[in-house]
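The following exercises concern side-chain geometry, burial and packing in a single protein chain. Each task is followed by a worked solution.

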Amino acid sequence: MVEWSKTWVSNVAGVIAIVIAMPMWVTSLPQFRRMKFELFFYTHHLYLLYIFFYVLHVGDAYFCMILPGIFLFLIDRYLRFLQSRQRTALLSARILPCGLLELNFSKTPGLYYNPTSILFVNVPRISKLQWHPFTVSSNCNMETDELSVVIKCQGSWSDKLYKELGSSLDRLEVSTEGPYGPTSSHFLRHECLVLVSGGSGITPFISIIREIIFQIQKPNFKVPRVIMICAFKNSADLAMLDLLLPISGTPQQISQIQLQIEAYISREEEQPMTETHKPLQTIWFKPSPLDSPISATLGPNNWLWLGAIISSSFLMFLLLLGIVTRYYIYPIDHNTEQIYHFSYRALWDIFLVCVCIFIVASVVFMWCKKQNAREANRIQKREISTPVTSQGVSPWFSGAELESLPHQSLVQATKVHFGSRPDFKKTLLDLRESDVGVLACGPRKMRHDVAKICASGLAQNLHFESISFTL
């Protein structure tokens, strides 16, 4: 077990790799992962040491068998690291009375993403190490210069962020990574869309609604009928529906789609008065010359640049490996009585892979960063000398005035049911369209209940899809 052979596999390296892998496996168990997520997250950074000792154990021949996967992973991870080192321009934040936050970032017009995407956010003022994924609520077609994420305050990190935003900050330093999401907007192919959400599970559907609002502007586009079923605990959570309307947008757009919202409040029997709820706040932040808008890591032609990085770095690796083998390793093996160390060959492979990826990816990233900087300079920035905070009352409470046409259209499309829960079976089986897409996001039991109805065979027109962010 402790042998490190010069001519064959190293046993001790394999033992070290298995010892490193054990805590990674234990912390991956669902019960452990959910209770101690941070321990699970940081423990899994041991994968670098695991791969290192694994390669020393099996040698360069076996390393070549898994090289394609490791090569692509290292390229992706290094590009993500480069993107996350930049500070992102935070334009504004909306604080809802239900403990929900919406952060609005500046982005380059060339950044495109699909609905239900996520963005990783880091706030050094709270934690320099923690990166949290949040749902993107904006639409890249409607809001070409902005990207928004929604955050529900239900943990220590988000609670600290909520307090920071409420303490009259003039600016907040933030870094981001992403966005990441699906490759297509497949939900648009259905005749009818049923969006089932529980609590903050409504957030992925905000971007879907905005995408439909954008698509109706295209000629010959068949708009699907949208039924949104929202289950909330308290009436304050109705303020989440305000996020369907972006801070900036065309007022009449929301009224052009066939939208029906059924909101259920399970813990209240009647509609409360306005005075019992906090006002909705919008905070605008000072711009900083050190901040940059969110942009595609490799620019608008990211797939071409990514292909160039993969092919160029791999060819460089093969070339350097050939040179090292022919002019350094080969003379030792054949011109002397010595045998080149078995593990050293693997070390050369690891070193050359990292060097080639570092050189090629860094050069391409810096080139694309200059191009993104030119595009960012053309973005019209808000010049605000002092932070601005505006307040407003959500239109969902008794006594509130409807200040704008979008809010009127949204309230008219919404029916609120107090003291009851949604009857999913009746709602879904009553649909008469031939192709109905059912998307569910929220508590696991709710998603399972909806899935059972769709899979029961009682209706042939239901097509179910679950959107889950559960760890």
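**Exercise 1. Aromatic pairs**

Determine which residues are linked with Phe-37 into a cluster by ring pairs, and classify the pairs Phe-52/Phe-53 and Phe-314/Phe-317.

*Solution.*

Step 1. The cluster joined by ring pairs consists of Phe-37, Phe-40, Phe-41 and Tyr-42. The model is a predicted one, and a search of the whole structure returns 14 aromatic pairs.

Step 2. For Phe-52 and Phe-53, the ring centres are 5.3 Å apart and the planes meet at 85°, so the pair is edge-to-face. The cut-off needed here is an angle over 60 degrees. Phe-52 has 29% relative accessibility and therefore counts as partly exposed, whereas Phe-53, at 17%, counts as buried.

Step 3. For Phe-314 and Phe-317, the centres lie 6.1 Å apart with the planes at 40°, so this pair is tilted. Both residues belong to helix 7 (residues 302-335), where a spacing of 3 residues corresponds to about one turn of the helix. Phe-314 is partly exposed at 32% relative accessibility, while Phe-317 is buried at 2%.

Step 4. A charged side chain also meets a ring: Arg-326 lies over the face of Tyr-327, 5.5 Å from the ring centre.

**Exercise 2. Salt bridges**

Identify the elements that the salt bridge between Arg-80 and Glu-177 ties together, and do likewise for Asp-291 and Arg-87.

*Solution.*

Step 1. The structure contains 12 salt bridges. In the one between Arg-80 and Glu-177, the closest N and O atoms are 2.4 Å apart.

Step 2. Arg-80 is located in helix 4 (residues 47-84) and Glu-177 in strand 7 (residues 174-180), so their salt bridge ties together parts that are 97 residues apart in sequence. Arg-80 is partly exposed, with 22% relative accessibility; Glu-177 is buried, with 5%.

Step 3. The side chains of Asp-291 and Arg-87 form a salt bridge with an N to O distance of 3.4 Å. Asp-291 is in the loop between strand 11 (280-284) and helix 7, and Arg-87 is in strand 1 (residues 87-88), so the pair ties together parts that are 204 residues apart in sequence. Asp-291 counts as buried at 10% relative accessibility, and Arg-87 as partly exposed at 21%.

Step 4. This pair belongs to a network of salt bridges that links Arg-87, Arg-171, Glu-173 and Asp-291.

Step 5. A further salt bridge joins Glu-102 to Arg-94, with 2.7 Å between the closest N and O atoms. Both Glu-102 and Arg-94 are buried.

**Exercise 3. Nonpolar cores**

State which residues of the largest nonpolar core touch the most other members, and which element gives the most residues to this core.

*Solution.*

Step 1. The largest nonpolar core has 38 residues, of which Ile-209 and Met-228 touch the most other members.

Step 2. The elements giving two or more residues to this core are strand 8 (192-198), helix 6 (203-215), strand 9 (225-232), strand 10 (259-265) and strand 14 (436-441). Helix 6 gives the most, with 6 residues.

Step 3. With residues up to four places away in sequence not counted, Met-228 touches Leu-195, Ile-202, Phe-205, Ile-209, Leu-241, Leu-244, Gln-260, Ile-261 and Glu-262.

Step 4. Apart from the largest core lies another of 32 residues, among them Phe-53, Val-55, Ile-350 and Val-353.

Step 5. As general background, nonpolar side chains in soluble globular proteins tend to be buried together.

**Exercise 4. The setting of Ser-207**

Is Ser-207 buried or exposed, and with which residues is Ser-207 in contact, leaving aside its neighbours within four places in sequence?

*Solution.*

Step 1. Ser-207 is part of helix 6.

Step 2. The relative accessible area of Ser-207 is 1%, so the residue is buried; the cut-off is under 20%.

Step 3. Once neighbours within four places in sequence are set aside, the contacts of Ser-207 are Pro-115, Thr-116, Val-136, Ser-137, Ser-138 and Asn-139.

**Exercise 5. The chain as a whole**

Describe the chain by its secondary structure, burial, contacts and accessible surface.

*Solution.*

Step 1. The chain has 11 helices and 15 strands.

Step 2. Of its 471 residues, 47% are buried.

Step 3. Among contacts with a separation of 6 or more, 80% are between residues 24 or more positions apart.

Step 4. The accessible surface is about 24,100 Å², and carbon and sulfur atoms account for 59% of it.

Note on methods
Residues numbered from 1 in each chain as written. Predicted model: local features only at pLDDT ≥ 70, side-chain atom pairs only at ≥ 80, totals over all residues. Heavy atoms only, no water. Phe/Tyr/Trp six-rings, centres within 6.5 Å; stacked < 30°, edge-to-face > 60°. Buried < 20%, exposed > 50% of the residue type's maximum accessible area, 1.4 Å probe, protein only. Helix = DSSP H or I, 4+ residues; strand = E, 2+ residues; numbered from the N terminus. Lys NZ or Arg CZ within 6 Å of the ring centre and 35° of its normal. Salt bridge = Lys/Arg side-chain N within 4 Å of Asp/Glu carboxyl O. Contact = heavy atoms within 4.5 Å. Areas by Shrake-Rupley, 256 points an atom, 1.4 Å probe, with all protein chains shown as cover. Core = buried A, V, L, I, M, F, W, Y, C linked by side-chain atoms within 4.5 Å.
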